[in-house]
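Q: Can we go through this model together? I would like to start with the overall picture and then look at the charges.

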Amino acid sequence: MAHAIFFYIFSTIAIISAIMVTASKNTVHSVFFLILDFISISCLFIMIGAEFLGMIMLIVYVGAVAVLFLFVVMMLNVAQQKNQWFLSSQSSSHIPIGLIISTIIFFELIIVIGGWKYKPELFEKINSTSSSEGISNTHSLGQILYTDYIHVFQISGMILLVAMIGAIVLTFRQREGVKKQDYIKQISRERSEGVEVLEVQSNKGVQIDD
Amino acid sequence: MEYLNIIFQEVYKILFLLVPVLVSVAMIVWLDRRIWAFVQKRQGPNVVGPFGLLQSLADALKYIFKEIIIPSSSNKVIFILAPIVTMTLALIAWAVIPFNETQVLANINVGILYLFAVSSLGVYGIIMGGWASNSKYPFLGAIRSAAQMVSYEVSIGIIIINVLLCVGSLNLNDIVLAQQSLWFVIPLFPMFVIFFISALAETNRPPFDLPEAEAELVAGYQTEYSGMMYAMFWLGEYANILLMCALGSILFLGGWLSPIDFYPFDLIPGAVWLIFKIIFLFILFALVKAIVPRYRYDQLMRLGWKIFLPLSLTWVVLTASYLFYFNLLPIN
């Protein structure tokens with residue numbers, strides 16, 4: 001009973017905020033709705049007992065990815081942030097591409113969920129580990145991820161690393177004439193290099209060589 | 001009816017946790033100012049109440065009766081939401097802090113991940129406040145703090161992995177119980193130091209208080225806030241600092257475990273030990289504030305990404321290899 005009530009609360013919030021991401025006129029508001037969507041999805045994860053996935057969703061997507069989204073979006077000019085989605089003729093040309101992509105994702109989801117429903121033996125391995133009693137969600141996830149799927153897991157890590165290096169290489173530029181602080185040089189400076197103690201005689205002064 | 005009963009019981013428990021936390025936040029502000037003053041040979045707040053203990057209450061009263069000014073060009077909904085988010089996030093994290101083996105509001109399996117997630121959400125209050133003010137200084141402060149908190153979260157996460165390797169569980173009570181023979185501060189001492197410094201950066205404390213550096217940015221993201229909304233930012237910030245101290249004492253100083261575990265001393269409840277450890281860490285926080293000058297921004301980023309991240313990653317490899325080689329890995 002209580003479980004169902006909470007499920008409907010979270011899923012309603014998730015769907016409404018997902019619609020608001022595209023519908024809201026202010027880009028920053030869109031990102032905040034996206035964050036709300038992530039949070040309610042992670043609540044749904046926790047409700048089905050996948051507490052590890054829910055927390056990772058919060059940490060990775062809300063705590064890191066969405067912060068960077070917000071970072072970029074906030075840099076845009078606030079006055080230009082009126083999203084003329086439904087009005088201008090330019091942006092409506094993107095609608096067919098969006099429709100194609102969403103149809104593909106929809107059919108992929110149907111294939112996965114249909115397979116789960118009608119061919120349960122395909123998922124036997126996953127079911128057998130997660131249903132065993134006394135083992136927490138995190139343990140069973142680790143046992144699958146680091147044994148049967150270790151290669152896939154490592155490859156996905158490598159792909160992320162390559163993407164990161166690619167982004168850095170694309171944006172890296174060596175600027176001329178920038179003064180940089182060399183910490184090693186500063187720390188290893190000796191007293192004899194910087195300071196010289198002189199005997200100053202009265203009425204004669206000191207000759208400082210240039 | 002039974003639902004109502006459950007709800008009342010939970011609300012009672014939550015109040016029993018939150019009221020002491022809020023009172024201790026007020027006390028800790030006083031302690032912070034006193035320590036800061038003593039280091040600089042001043043008196044600090046010593047007028048209101050005995051030793052000035054009621055100074056924070058007087059301040060709070062002043063904030064309550066001040067006018068709340070909302071800038072006309074600000075984004076009003078987000079402007080009002082920002083301090084609420086900061087305060088809420090700082091308080092909900094206390095739900096998983098164990099004060100004893102049984103005295104914990106929510107003994108969840110992924111307690112440490114929950115704490116980490118909540119502390120990583122803390123950046124939103126600052127970004128929202130800074131952006132919604134629609135003003136230069138708050139915006140610069142918000143951008144600085146977003147970059148700073150995301151950078152230092154990475155090293156805190158890896159330090160947590162170090163501890164978790166030795167524990168084998170994400171439950172905070174298990175982490176405390178794993179330290180019964182040896183507190184993790186001894187084998188993982190370098191990690192404790194890095195955790196302490198990263199916690200300073202994560203909570204925007206000096207010497208890493210660049211988001212609110214008063215010489216450059218007036219008050220950073222708080223510039224446009226006044227009255228109770230400012231006070232909520234302030235309370236949230238100090239509740240976050242206390243939370244980081246609690247996290248540090250659970251991860252490294254044995255949480256509610258007693259350092260002297262024989263007859264007359266084992267009557268002292270575990271909660272008292274935890275509070276002592278939190279206060280000890282907080283005194284260190286306050287001393288750092290008084291002693292160390294502020295970092296420059298590029299120095300801060302260099303420290304986070306080029307020193308702490310490689311160091312803590314190396315330590316993960318070291319810990320894992322040591323545990324693997326001597327067959328000490330906690331497998332259950």
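The chat below goes through chain B, its salt bridges, a surface patch and one residue of chain A.

Q: Before we start, what kind of model is it, and how are things numbered?

A: This is a predicted model, in which local features need pLDDT of at least 70, side-chain atom pairs count only at pLDDT 80 or more, and totals for chains, interfaces and linings use all residues. Residues are numbered from 1 along each chain as its sequence is written, chains are lettered from A and ligands numbered from 1 in the order in which they are written, and side-chain values use heavy atoms, with hydrogens and water left out.

Q: OK. How many helices and strands in chain B?

A: Chain B has twelve helices and zero strands. Helices (H or I, at least four residues) and strands (E, at least two) are DSSP runs, numbered from the N terminus. The pattern along the sequence is α-α-α-α-α-α-α-α-α-α-α-α.

Q: What is its radius of gyration, against that of a compact globule?

A: Chain B has 21 Å, which agrees with the value near 20 Å for a compact globule of 332 residues. The radius is taken over C-alpha atoms, and the globule rule is 2.2 Å times the number of residues to the power 0.38. Along the principal axes, the C-alpha trace of chain B spans about 65 × 55 × 50 Å.

Q: And how much of chain B is buried?

A: Of its 332 residues, 52% count as buried. Buried means under 20% relative accessible area, exposed over 50%, and partly exposed in between (1.4 Å probe, protein chains only).

Q: Salt bridges next. How many over all chains?

A: Six over all chains, where a salt bridge is a side-chain nitrogen of Lys or Arg within 4 Å of a carboxyl oxygen of Asp or Glu.

Q: Which residues form a network of them?

A: B:D32, B:R205 and B:K289 are linked in a network of salt bridges. B:R205 meets B:D32 at 3.1 Å, N to O. B:R205 lies in the loop between α8 (189-202) and α9 (214-217) and B:D32 in helix α1 of chain B, so this pair ties together parts that are 173 residues apart in sequence.

Q: And the other pair?

A: B:D32 and B:K289 meet at 3.5 Å, N to O. That pair links distant parts of the chain, with B:D32 in helix α1 and B:K289 in helix α11 (residues 270-291), 257 residues apart.

Q: Is the network buried or exposed?

A: B:R205 is buried, with a relative accessible area of 3%. B:D32 is buried at 0%, and B:K289 is buried as well.

Q: What about B:E10 and B:K13, where do they lie?

A: Both lie in helix α1 (residues 2-39) of chain B, three residues apart, about one turn of the helix. Their side chains meet in a salt bridge of 3.5 Å, N to O. B:E10 is partly exposed at 31% relative accessible area, and B:K13 is partly exposed at 38%.

Q: Changing topic: which residues form the positive surface patch?

A: A:R173, A:R175, A:K180 and B:K306 form it. Patches are made of residues with over 30% relative accessible area and no salt bridge; like charges are joined within 9 Å, and nonpolar side chains (Val, Leu, Ile, Met, Phe, Trp, Tyr) within 5 Å. Lys and Arg count as positive and Asp and Glu as negative, while His and the chain ends are not counted. B:K306 sits in helix α12 (residues 297-325) of chain B and is exposed, with a relative accessible area of 62%.

Q: Last one, A:S17. Buried or exposed?

A: A:S17 is buried, with a relative accessible area of 1%. A:S17 lies in helix α1 (residues 2-23) of chain A.

Definitions and conventions:
Areas by Shrake-Rupley, 256 points an atom, 1.4 Å probe, with all protein chains shown as cover. Charge placed at Lys NZ, Arg CZ, Asp CG, Glu CD.
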